[in-house]
Amino acid sequence: MSASLLLQYVVIALAVIVSAWVVAKKQFPGGVRRLRMALAIPMLREGRPAWLRTLGRKIASQVRSGAGGCGGCRKCD
Amino acid sequence: MNAETLAPLRLALVGNPNCGKTALFNQLTGSRQKVANYAGVTVERKEGRLRGPSGRSYAVLDLPGAYSLNAASLDEAVARDVIRGCYPGEAAPDALVCVMDATNLRLHLRFALELRELGKPMIVAVNMMDAARRRGIGIDLVELERLLGVPVVETVAVRRHGARALVERIERMAEALHAPTQRLGKGADLHAETRRLLAATVRMPARTARIDDALDRWLLHPLFGLLALAMVMFLIFQAVYAWATPLMDLIDAGTAWLGETVGAVLPEGPLSSLLVDGIIAGVGGVIVFLPQILILFAFILALEESGYLPRAAFLLDRMMASAGLSGRSFIPLLSSFACAIPGIMATRSIQDPRDRLATILVAPLMTCSARLPVYALLIGAFIPQKTVWGVFNRQGLVLFGLYAAGVASALLVSWVMKQWRRDKGEHALLLELPSYRVPHARDLLIGLWERAMIFLKRVGGIILALTVLLWVLLYFPNGGADVTQSLAGRIGQALSVVFAPVGFNWQICIALIPGLAAREVAVSSLATVYALSTADDTAAAQALAPLINDGWSLATALSLLVWYIYAPMCISTLATIKRETNSWKQMAGATGYLFALAYAAAFATYQVAVLLGAG
Ligand SMILES: Nc1nc2c(ncn2[C@@H]2O[C@H](COP(=O)(O)OP(=O)(O)OP(=O)(O)O)[C@@H](O)[C@H]2O)c(=O)[nH]1
Ligand SMILES: [Mg+2]
């Protein structure tokens, strides 16, 4: 596989991951929220390195702010 | 203690419906909540921040309008509970801002007196003073303040700085909160007190609303009124086609140019295919419809602000009642033309739970704006642009017909539901008719801008994301060589067994699945499927309409149009039905009946069209 083709596949893979995340967040806000919590809680345990806990806090804090489950047509605030 | 460190004072905007609470809320907090000229626009509590000149900050609550503290509907109950402090998870407000419509004090003063009896600190904002002055209504605010025993200020919520006096009074009151100094005496009558206050403070001209009366004589006339309503609707759909075409051609040309340029710059390969056949073809295929959506919304926004809509509800009440809906359902159903989700939420203003459920179940049949791209694509591809009877644009006529079919089906479905239930009682329509108002161009433009942003965000978010995912399924595993052998191609072919009786080919079947997330995605998906299927590059840059015109029979196109009238192809709407009815059963029922209806209607359409030789 040539380097150019490899690069193209990397870009496409990234685009797919981002898209899947966007769709999941829109269609299953509850599930995404639970997933985020599940990810964040082990990171926040005692004795984890500081950077991991910062990251965990970041993930968890987004859960609270971005929890709008009100569908696509109308922005809801 | 410094003013900025104090806990924010909680203010609640309360008052009768349509007195301008939300307009005032937007003005105070800089928000953009929906304002329109009919009762029952706000159905939920909304919170915003106000920072006074002193640096002190306030939490401002916008509440649904209520006629009294004895709530009759769900939205009134929200207002009552928040004011009384028994709304779950919400502290009682520290002070009330009672908003009154200066042109309708007879009604609004009564509620103000009722609120005063709660004994909470309160400010009265006499809103719409501009309209009152224009009509020659004189109000002695100083005397009113003395008699009411609470601060009274005038506001004009739709003018810049129109709430400055209110903010000043709020700041002054925040220094020392105190309860109203006057109360109704024992055994005093609310109505008598209202009359006494009116007599002492308000000077009415002989005739107040001459223009309104003259207009109403025609627009509420049982015959001319209906004719006028039909004309208005008709003109809207004509305009959607007549005015949008030049802009749409421009966008089409832009997308084609972009596709060709990107295709020429990038080397042949998967990335080029993703960009050109996936993103540019798919997203471009949806964006073309922005002008039509905006024209439709320009009319809807202007109508909402004009005060005509409750009158239309009044005109159609008889018809809706015999179909088992009340005139109250009109506004929620009308909101569903934008999107079924706010429409379903707006049913909270319907008092009778049975009427409310009926309205929720038929709201998805109203043609939401996400369906417009699908309709417009198929109409553009299959209905020749021609003038009929000298003036009418035929494509506009067909679009009007599709919208009308949605409405007719909603009436039919609710009629059937009415036959099923035992209690067939009807409710008289009690609806406030607001004054007519000429919409401000600035507000209209802001409203349109917001609409455009909502649409573009949808395009750049969920639609783009689904297009990328679909492209992957179409491109792999065989590198875009033969789409029928791709993952999505196989899924589409499997599904087309089910959909063959309604005439859907495998390309349509592919587009139906991502279309569940957002209806417009069906259009972008079709564009991607066809862009990948056409081998040579010149064809890929071609607009979608001629491609499907070549590939589909008229019967298939008609069948798909009919499918989209009924099919509940929107997961968000179903989630909203679940939330508002609080019942999985109702949601499953709605989904089931809509899909069954869609399949049956599309089947009938396809078979009849084939029989007539359109296959
Ligand atoms: N002329 C004039 N119009 C106003 C004023 N304030 C509000 N309006 C108009 O009054 C109508 C109703 O305003 P809203 O803010 O939606 O009223 P609301 O009290 O929130 O209504 P609900 O949410 O239904 O209870 C809109 O058409 C506004 O443009 C004002 O001070 N002057
Ligand atoms: Mg409001």
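Trainee: By class, how many nonpolar, polar and charged residues does the shell around ligand 1 have?

Mentor: Good place to start! In this predicted model, the shell holds 12 nonpolar, eight polar and four charged residues. Among the 24 residues around ligand 1, Lys21(B), Thr22(B), Ala23(B), Thr42(B) and Glu305(B) come nearest.

Trainee: Which helix gives the most to that shell?

Mentor: That is helix H1 of chain B, residues 21-29, which supplies three residues.

Trainee: What makes the pair between Asp130(B) and ligand 1 a polar contact?

Mentor: Set the distance against the cut-off. A polar side-chain atom of Asp130(B) sits 2.9 Å from a nitrogen atom of the ligand, and N or O pairs count within 3.5 Å, so the pair qualifies. The side chain of Arg437(B) has an N or O atom 2.8 Å from a ligand oxygen atom, and Gly20(B) places a backbone N or O atom 3.0 Å from an oxygen atom of ligand 1. The protein covers 98% of the 660 Å² of accessible area that the ligand has on its own.

Trainee: Why is Leu399(B) called buried?

Mentor: Leu399(B) belongs to the largest nonpolar core, of 110 residues. Core members must be buried, which means under 20% relative accessible area, so Leu399(B) meets that limit. Leu399(B) is also one of the residues with the most contacts inside this core; Phe237(B), Val240(B) and Tyr375(B) are among the residues it touches.

Trainee: Which helix gives the most to this core?

Mentor: Helix H16 of chain B, residues 371-382, gives nine residues. There is also a second, separate core of 39 residues, including Val82(B) and Leu144(B).

Definitions and conventions. Residues numbered from 1 in each chain as written. Chains lettered and ligands numbered in written order. Predicted model: local features only at pLDDT ≥ 70, side-chain atom pairs only at ≥ 80, totals over all residues. Heavy atoms only, no water. Near = heavy atom within 4 Å. Polar contact = N/O pair within 3.5 Å; in protein donor to acceptor, adjacent residues only side chain to side chain. Areas by Shrake-Rupley, 256 points an atom, 1.4 Å probe, with all protein chains shown as cover. Helix = DSSP H or I, 4+ residues; strand = E, 2+ residues; numbered from the N terminus. Nonpolar A, V, L, I, M, F, W, Y, C, P; charged D, E, K, R; others polar. Core = buried A, V, L, I, M, F, W, Y, C linked by side-chain atoms within 4.5 Å. Buried < 20%, exposed > 50% of the residue type's maximum accessible area, 1.4 Å probe, protein only. Contact = heavy atoms within 4.5 Å. Lists of a residue's contacts leave out its neighbours within four places in sequence.
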